[in-house]
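User: Could you take a close look at one part of this model for me, the five-stranded sheet of chain B, and put it in context? I'd like one connected walk-through rather than a list.

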Amino acid sequence: MDFSRDGGSLPGAFFAPGSSSFADFLAATRPDLLPGRRLDMPPGMTPTIDAPHGTTIVAVAHTTGVVMAGDRRATMGNVIAQRDMEKVFQADEYSCVGIAGSAGIAIELVRLFQVELEHYEKIEGTTLSLEGKANRLSLLIRNNLAMAMQGLAVVPLFAGYDLENDDPAKAGRIFSYDVTGGRYEEHSFHSVGSGSVFARGALKKLYRDEFTEDDAVLASIQALYDAADDDSATGGPDLTRRIYPVVTSVTVDGFRRWPDNEVERRVQQVVEERMTSPGGPNAPMRGVNQ
Amino acid sequence: MSMPFGYVSPEQVMKDRADYARKGIARGRAVLVMTYADGILFVAENPSSALHKISEIYDRIGFAAVGKYNEFENLRQAGVRMADLRGYSYDRTDVTGRMLANTYAQILGTIFTTESKPYEVEITVAEVGENPDGDQLYRLTYDGSVADEEGFVVMGGNAEAISANLKEGHSHTVALADGLKLAVQALSSAAANGEARTLTASSLEVATLDRNRPRRKFRRFAAGQLEQLLA
């Protein structure tokens, strides 16, 4: 039946059976609201948009789940656009997503992703598998390809607790993406954004298989410190303004954002140690974990 | 002037449609929606654990229905899409029960007058407020009429008898477990054939909109949790 005729009601897409994707529904009814289509530019035109960019996100798997953390800086060229930006978000009850790249579009994309997961849950009465969620995100990024080619790329990092895996040490999983929507599962830890090279280098030396959640949080803070140390676009802990990294964790009990005072304590510990050893903890020269 | 052959007056058409819809709705088992101390409680007699009569529409909004499953499922999905679209394009706080109830009224009214058969459904849109004064219950019938109900709504087979039972004990300050017992007792004492039955956790579908929960207030109870509450 077509409700579009009588003005007061809804178009047919609202009643279309079979679709449980909000993004597909949006594409059918209100394509203007899709993140990737907001700024359609004439072909061949290269934009000179100076839009804020988000920087470094790290994720570390541990024995009971996964931790994701991000610095707070957004930059616009050489200017710090925002000091206290949040770049790690809860995606649903058992997953989180962090964003690097063009901030405006990334935040919009995360919002769409959050609604996408909740929408599926409500329509179907059940949650998507972790793989399913990762694949959905991949599709949303691919839809943004045209904008990525114009310089407004979004590179998220997705992590979650896989309820279908009985072993909690293996249930924390991390997925990275490229701008074309390519999806890659990462093992143990990963980082994206401008400071990711340094963060990943730090995590490579710090990571241990037997990490607890607390260890993973500490390693993430160390890695973000190292990223901020060498990358101008990544913000270090701002002790004067009391702005610290956003730290989130997903375990079998669900998503949790670490309260600022708990993060503060660990950040201060890290900063304290760096007073005597600016390069951070020393890794052993040879041999296995000690 | 002579009436054309086969003429039926509009009054008769509407009456026939209404009777048809009412009969369909009365055949089904009842669903009850009531306020309690922490928000809104939904209780349905529903042996299926997969085909729901009660569901979440949005952060503070729940949906309960009786009648033909495919018809109210259609309405439910449209409601979820509508709410998600509005919340996405404006803000989550801009999605209200009243907006949903209005749209459902339009849809049901249009179907009642223009389609060859009316929807055999009755639905309730419930919204939990920050405090008990903000709780809203909208009952929508097959012809698109909306009623803003106070305290509780009973829909489906034998609704009047169940309402009468519930009226005695209901208060908006009742605790969850007591409210649930009250609801189950009201549902089971007014069986279709007049005999009281025992309803067990496995034949019930129960959910709440609990104002004390974070963002998403809707919570569905598993059979195990229900047994504890009913014990």
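Analyst: Here is a walk through that sheet, then its surroundings in chain B, and finally the sheet in chain A.

Keep in mind that this is a predicted model. Chain B averages a pLDDT of 91, with 96% of its residues scoring at least 70, and the model as a whole comes with ipTM 0.90 and pTM 0.90.

On to the sheet itself. It's an open one, built from five strands of chain B in the order 8-1-2-9-10, and the pairing is antiparallel. At the edges you'll find strand 8 (152–155) and strand 10 (218–220) of chain B, each of which pairs on one side only. Going from one strand to the next, the twist averages 15 degrees. As general background, strands of a sheet pair through backbone hydrogen bonds, in either a parallel or an antiparallel way.

Zoom in on the strand 10 edge. Strand 9 (residues 204–210) of chain B runs antiparallel to strand 10 of chain B, and three bridges join the two. If you want a landmark there, look for B:A207, which sits opposite B:R220 of strand 10 in chain B.

Now for what packs on the sheet. Helix 5 (residues 176–189) of chain B lies across strand 1 (31–36), strand 2 (39–45) and strand 9 of chain B. Relative to strand 2 of chain B, helix 5 runs at about 35 degrees.

Next, a pair of chain B strands outside that strand order. Strand 3 (residues 54–58) of chain B has five of its five residues buried, so it is largely enclosed by the rest of the structure. Its partner is strand 4 (residues 61–67) of chain B: the two run antiparallel and are joined by four bridges. Together strand 3 and strand 4 of chain B make a hairpin, with two residues between them. B:I54 is opposite B:A64 of strand 4 in chain B.

Stepping back to the whole chain, chain B comes to six helices and ten strands. Of its 231 residues, 45% are buried. Among contacts in chain B with a separation of 6 or more, 66% are between residues 24 or more positions apart. The C-alpha trace of chain B spans about 70 × 50 × 30 Å along its principal axes. Its radius of gyration is 18 Å, which agrees with the value near 17 Å that a compact globule of 231 residues would have.

What about the neighbour? Chain B puts 17 residues in contact with 18 residues of chain A. Helix 2 (69–89) and helix 3 (97–114) of chain B each supply at least two residues to the side that touches chain A, and helix 2 of chain B gives the most, with ten. By class, that side of chain B has six nonpolar, seven polar and four charged residues.

Finally, chain A has an open sheet of five strands too, with the order 11-2-3-12-13 and antiparallel pairing. Strand 11 (189–192) and strand 13 (254–257) of chain A are its edges, and neighbouring strands are turned by 15 degrees against each other on average, direction ignored. Inside it, strand 2 (residues 57–62) and strand 3 (residues 65–70) of chain A pair antiparallel over six bridges, with A:A59 partnering A:M68. Helix 7 (residues 213–230) of chain A lies across strand 2, strand 3, strand 11 and strand 12 (246–251) of chain A, at about 155 degrees to strand 2 of chain A.

Methods
Residues numbered from 1 in each chain as written. Chains lettered and ligands numbered in written order. Predicted model: local features only at pLDDT ≥ 70, side-chain atom pairs only at ≥ 80, totals over all residues. Rg over C-alpha atoms; globule rule 2.2 N^0.38 Å. Buried ≥ 20, exposed ≤ 12 C-beta atoms within 10 Å, placed from the backbone. Contact = placed C-beta atoms within 7 Å. Pairing = 2+ DSSP bridges. Axes fitted to C-alpha atoms, helices over the stretch in contact; angles between N-to-C directions. pLDDT = per-residue confidence, 0-100. Nonpolar A, V, L, I, M, F, W, Y, C, P; charged D, E, K, R; others polar.
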